[in-house]
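Trainee: Could we take a close look at the pockets of this model? I would like to know what lines them and how those linings tie in with the elements around them.

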Amino acid sequence: MPDFWTHSGFHLADRDANGKLVAGDDLLRAWWARPEVAPVAESCDAERALHSAVLADPRRPVSAAELAAMQDPDARENYSVLLAFRERLIAAPTLEAAYLDIFRAGNVSVAPLFIDQLAHIIVRGVLDDTEDPLEARTAELFFRRQKVTLQDGTSMLADAETVDLHAHAQMGGAYGNIGRLLAESNTRVKSVDLDVIDRDNALSYWARDERHDTVVSFNYGRAALDAFCRVIEKWVRHFYGIEVAVTPLPSIQEKRWAWHIGLDAEATGILNDLYQGGELDWARSQRILALFQLDFAEPSVVRPDVAGRAVYLACAMDADNLLRIKPQNLLLNLPLASIS
């Protein structure tokens, strides 16, 4: 199997007997090595001493007095945020349980950075046996924003951070073309053919898996959309041990469907409005990037009022042409009998 995302933190996690991920000392230590809490030239002796101590013992309790002894208020704040997150990880039996607990608590107080990092680690474990590079590429949607361009009926997704960093950089070659493609609406899709990965050249992803410099077509009928469906199926199976089949759709034909899940905030609003009988104006309808049908292999795991009915999924870009997938929506909003 190809190894990938070696800097995700997955390789520092342990697994329990059920295949779930556990935060061992090595993984906790990696969070303490983050730049937000690493000492800088201006750091005081108390900050340096505390950082050395938590690197040596990443589960070490930290007292209020130790935090107060640090002179830099930003450092104290960063330590407080990371300590609260660490306590969540230590208290939960697995990373998956910690991830779910963040959202089930109601008021999400964990920094988005940490949420994305957890999703990154977990989905890497979910795909540990994959041989499909398109599954890995589309799984990046679970923890990295995508910039969308619509050209000639084609929806192209590229990493938003990469676009922001390089859209106006004076770079030659195909890498600069990605930024220009997404930043300038009059740039032709064919100008970045070498960077668009599809089924025929997908293996090139493995050599650049952490560069975030590839573009995928997210249109109905394209290989990347099918790969994204496989990622959703594996995500649900990993958390709940249930089998689902996810299929791309060109449109939703059912007039009064039983259940829907928006995979992002924009899609949630659109599906809610349509379900309630609302109409979409043309501009808003153009934000819809993909529709899916989710079916359960075993109807008995589903709420009685939804059993045997399709669940519809959607993802959509916002007004800034950004796609922000929320993978937790798949877990919290499934109509499962056990959590209804």
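Mentor: Let's settle the residue classes before anything else. Ala, Val, Leu, Ile, Met, Phe, Trp, Tyr, Cys and Pro count as nonpolar, Asp, Glu, Lys and Arg count as charged, and the others, Gly among them, count as polar. Please also keep in mind that this is a predicted model.

With those classes in hand, start at the second largest pocket, where the lining can be read residue by residue. This pocket holds about 230 Å³ of space. Its lining consists of Ile252, Gln253, Glu254, Lys255, Arg256, Trp257, Leu274, Tyr275, Gly277, Gly278, Glu279 and Leu280. Sorted by class, the lining has five nonpolar, three polar and four charged residues. You can check that from the names: Ile252, Trp257, Leu274, Tyr275 and Leu280 are the nonpolar ones, while Gln253, Gly277 and Gly278 are polar. The charged residues of this lining are Glu254, Lys255, Arg256 and Glu279.

Now the largest pocket, which has a volume of about 1000 Å³. Its lining takes in 44 residues, and those closest to its centre are Pro112, Leu113, Asp116, Gln117 and Phe143. Six elements give two or more residues to this lining: α1 (25–32), α5 (95–104), α6 (112–126), α8 (160–166), α11 (265–275) and β10 (322–323). The biggest contribution comes from α6, with eight residues. By class, the lining divides into 23 nonpolar, nine polar and 12 charged residues. The residues at the centre mix the classes too: Asp116 is charged and Gln117 is polar, whereas Pro112, Leu113 and Phe143 are nonpolar.

Helix α1 also leads us to an enclosed space. The model has one cavity of 30 Å³ or more, and this largest cavity holds about 30 Å³. Around it stand Leu28, Trp31, Trp32, Leu82, Phe85, Arg86 and Leu89. Both α1 and α4 (73–91) supply at least two residues of that lining, and α4 gives the most, with four. Here the classes come out as six nonpolar, no polar and one charged, the charged residue being Arg86.

Strand β10 is the pocket element to follow into a sheet. An open sheet of four strands runs in the order β5-β4-β3-β10, with antiparallel pairing. β5 (216–217) and β10 stand at its edges with a single partner strand each, so one side of each has no neighbour in the sheet. At the β5 edge, β4 (residues 154–159) pairs with β5 in the antiparallel sense over two bridges, and Leu157 has Val216 of β5 as its bridge partner.

A second sheet is worth a look alongside this. It is an open sheet of four strands in the order β6-β8-β9-β7, and its pairing is mixed. Its edges are β6 (244–249) and β7 (259–262); each has a single partner strand, so one side of each is left without a neighbour in the sheet. From one strand to the next the twist averages 25 degrees. β6 and β8 run antiparallel and are joined by six bridges, with Thr247 standing opposite Gln293 in β8. Six bridges also join β8 (residues 288–296) to β9 (residues 311–316), again antiparallel. Within that pair, Ala290 has Cys315 as its bridge partner, and Phe292 stands opposite Leu313 in β9.

Finally, since we have been counting charged residues, look at how some of them pair elsewhere. Side chains of opposite charge can pair when their charged atoms come close. The whole structure has 26 salt bridges. One of them joins Arg137 and Glu140 at 3.7 Å, N to O, and both of these residues are buried. Another joins Glu243 and Arg237 at 2.9 Å. Buried means under 20% relative accessible area and exposed means over 50%, so Glu243, at 40%, counts as partly exposed, and so does Arg237, at 33%. Arg303 and Asp305 also form a salt bridge, with their closest N and O atoms 2.6 Å apart. Arg303 is partly exposed at 24%, as is Asp305 at 46%. Beyond single pairs, Asp3, Arg15, Arg124 and Asp128 are joined into one network by salt bridges that share partners. Arg124 brings us back to α6 (112–126), the helix that gives the most to the lining of the largest pocket.

Notes
Residues numbered from 1 in each chain as written. Predicted model: local features only at pLDDT ≥ 70, side-chain atom pairs only at ≥ 80, totals over all residues. Heavy atoms only, no water. 1 Å grid on protein atoms, 1.4 Å probe; cavity = no way out; pocket = protein on both sides within 12 Å on 5 of 7 lines; lining within 4 Å. Points joined across faces, edges and corners; volume = space filled by probe spheres on them. Salt bridge = Lys/Arg side-chain N within 4 Å of Asp/Glu carboxyl O. Buried < 20%, exposed > 50% of the residue type's maximum accessible area, 1.4 Å probe, protein only. Pairing = 2+ DSSP bridges. Axes fitted to C-alpha atoms, helices over the stretch in contact; angles between N-to-C directions.
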